[in-house]
Every structure is written in C-alpha cells, then in structure tokens.
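Thank you for sending this model for comment. The notes below are meant to be read with the coordinates open.

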Amino acid sequence: VQLQASGGGSVQVGDSLRLSCAASELTFSDAYMGWFRQALGKERELVAAAMWSSGVTVYADSVKGRFTISRDNAKNTVYLQMNSLKPEDTAVYYCAAGAKWITSRYDINYWGKGTQVTVSS
C-alpha cells in the first residue's frame, strides 16, 4: 500500500487549503482512512478519520466545522479540505490507512509522507 499526500503550502490566517492523498494497492471502499498532523515538538494527533463503508467521519474538536474529510472513489483519493486556517493548524499533515476504526496513531497500518502546512498571521 502506498499513500501519496500533496497540497500543503504556506497560507495566511483565514485561508483555505485542500490536501490530497492518492492511495494505491488499497481496497479503497473498505478502508479506514484518516489525516493526522504533527506540529514541531508535539505528538502526532488525529485530525479526521473516515469509515467509507458506513459514511462515518470524526474530527478533532480543534478542527470541527472547519475541516472536511472526503474521497473520490474513481481516483482512489482522499481529501482534507481545510478552511478558516489558524496559526495553530501549522504542522506536517499525514495521510494514513488502517484495518479498523481509527482513534489514534496506533490504529494505523500505513502512513503517507507528510506535507507541510504553514499558517501565518
């Protein structure tokens, strides 16, 4: 399984970004997928997770109402739409996939390479 994340960048407070994660060799429709982030000096934290088969999604409290996880089955791609970005959203963002419902990094079997998001005030 390979996960290729992209879409990071440097933006201003209040801007939007959309991260993409292309998955290969993964049964996409049955996968549990998520986005994590790791800020400098902090632990990697779950930002959003989804179980496509049931349509269930979950978000960290800090991003609820601002971030949305979604997918494109035809492209085997998962997205993280990030709106109203704040400086505290600055981190390296990682796409991840697991074989069960994702609640923490310990539920992950596959990690993509991170993509940097920097939000400046």
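The numbered points that follow cover the sheet, the aromatic residues and two further sites.

1. Status of the model. This is a predicted model, and the remarks below should be read in that light.

2. The four-stranded sheet. The strands of this open sheet are arranged in the order E1-E3-E8-E7, and the pairing is antiparallel. At the edges lie strand E1 (2-6) and E7, each of which pairs on one side only. From one strand to the next, the twist averages 20 degrees.

3. Pairing of E1 with E3. These two strands are joined in the antiparallel sense over five bridges. Within this part of the sheet, Leu-3 is the residue that stands opposite Ala-23 in E3.

4. Pairing of E3 with E8. Strand E3 (residues 17-24) runs antiparallel to E8, and six bridges join the two. Two positions help to fix the register for a reader following the strands by eye: Arg-18 has Gln-81 in E8 as its bridge partner, and Leu-19 stands opposite Leu-80 in E8. As general background, side chains in a regular strand alternate between the two faces of the sheet.

5. The E7-E8 hairpin. Strand E7 (residues 67-72) and strand E8 (residues 77-82) are antiparallel and are likewise connected by six bridges, with Ser-70 standing opposite Tyr-79 in E8. The two strands form a hairpin with four residues between them, and in the turn Asn-76 has a positive phi of about 50 degrees.

6. A charge over a ring in the sheet. Tyr-79, the residue facing Ser-70, also has the charged end of Arg-18 over its ring, at 4.1 Å from the ring centre. Arg-18 is therefore worth viewing twice, once for its bridge to Gln-81 in E8 and once for its placement over the ring of Tyr-79.7. The aromatic pairs. Two aromatic pairs are found when the whole structure is searched. In one of them, Phe-36 and Trp-111 meet edge-to-face, with 4.9 Å from centre to centre and 70 degrees between the planes. This pair links distant parts of the chain, given that Phe-36 belongs to strand E4 (residues 32-38) and Trp-111 to strand E10, 75 residues apart. Phe-36 is buried, its relative accessible area being 0%, whereas Trp-111 counts as partly exposed at 32% relative accessibility. Tyr-94 and Trp-111 form an aromatic pair that is also edge-to-face, with 6.2 Å from centre to centre and 85 degrees between the planes. Here too distant parts of the chain are linked, with Tyr-94 in strand E9 and Trp-111 in strand E10, 17 residues apart.

8. The cluster and its surroundings. Phe-36, Tyr-94 and Trp-111 form one aromatic cluster. Tyr-94 counts as buried because its relative accessibility is 15%, and the cut-off for that class is under 20%. Trp-111 has a further partner in Arg-44, whose charged end sits over the ring of Trp-111 at 4.6 Å from the centre.

9. Tyr-93. This residue is found in strand E9, and it is buried, with a relative accessible area of 0%. Beyond its neighbours within four places in sequence, Tyr-93 is in contact with a series of residues, among them Leu-19, Phe-36, Arg-37, Val-47, Phe-67, Leu-80 and Met-82. Its contacts also include Lys-113, Gly-114, Thr-115 and Val-117. Two of the residues touched, Leu-19 and Leu-80, are the ones that stand opposite each other between E3 and E8. A polar atom of the Tyr-93 side chain lies 2.6 Å from the backbone oxygen of Asp-89. As for Glu-43, its C-alpha atom is separated from that of Tyr-93 by 12 Å, with the two positions 50 residues apart along the chain.

10. Asp-107. Is Asp-107 buried or exposed in this model? Asp-107 is buried, with a relative accessible area of 10%, although it is found in the loop between strand E9 (91-98) and strand E10 (110-111). Not counting residues up to four places away in sequence, Asp-107 touches Gly-98, Ala-99, Lys-100, Trp-101 and Ile-102.

Conventions: Residues are numbered from 1 along each chain as its sequence is written. This is a predicted model: local features need pLDDT of at least 70, side-chain atom pairs count only at pLDDT 80 or more; totals for chains, interfaces and linings use all residues. Side-chain values use heavy atoms; hydrogens and water are left out. Buried means under 20% relative accessible area, exposed over 50%, partly exposed in between (1.4 Å probe, protein chains only). Contact means heavy atoms within 4.5 Å. Rings of Phe, Tyr and Trp (its six-membered ring) pair if their centres lie within 6.5 Å; planes under 30 degrees apart count as stacked, over 60 as edge-to-face and the rest as tilted. A charge sits over a ring if NZ of Lys or CZ of Arg is within 6 Å of the ring centre and within 35 degrees of the ring normal. A polar contact is a pair of N or O atoms within 3.5 Å; within protein, one must be able to donate a hydrogen and the other to accept it, and residues adjacent in sequence count only if both atoms are side-chain atoms. Two strands pair if DSSP finds at least two bridges between them. Axes are lines fitted to C-alpha atoms, for helices over the stretch in contact, and angles run from 0 to 180 degrees between N-to-C directions.
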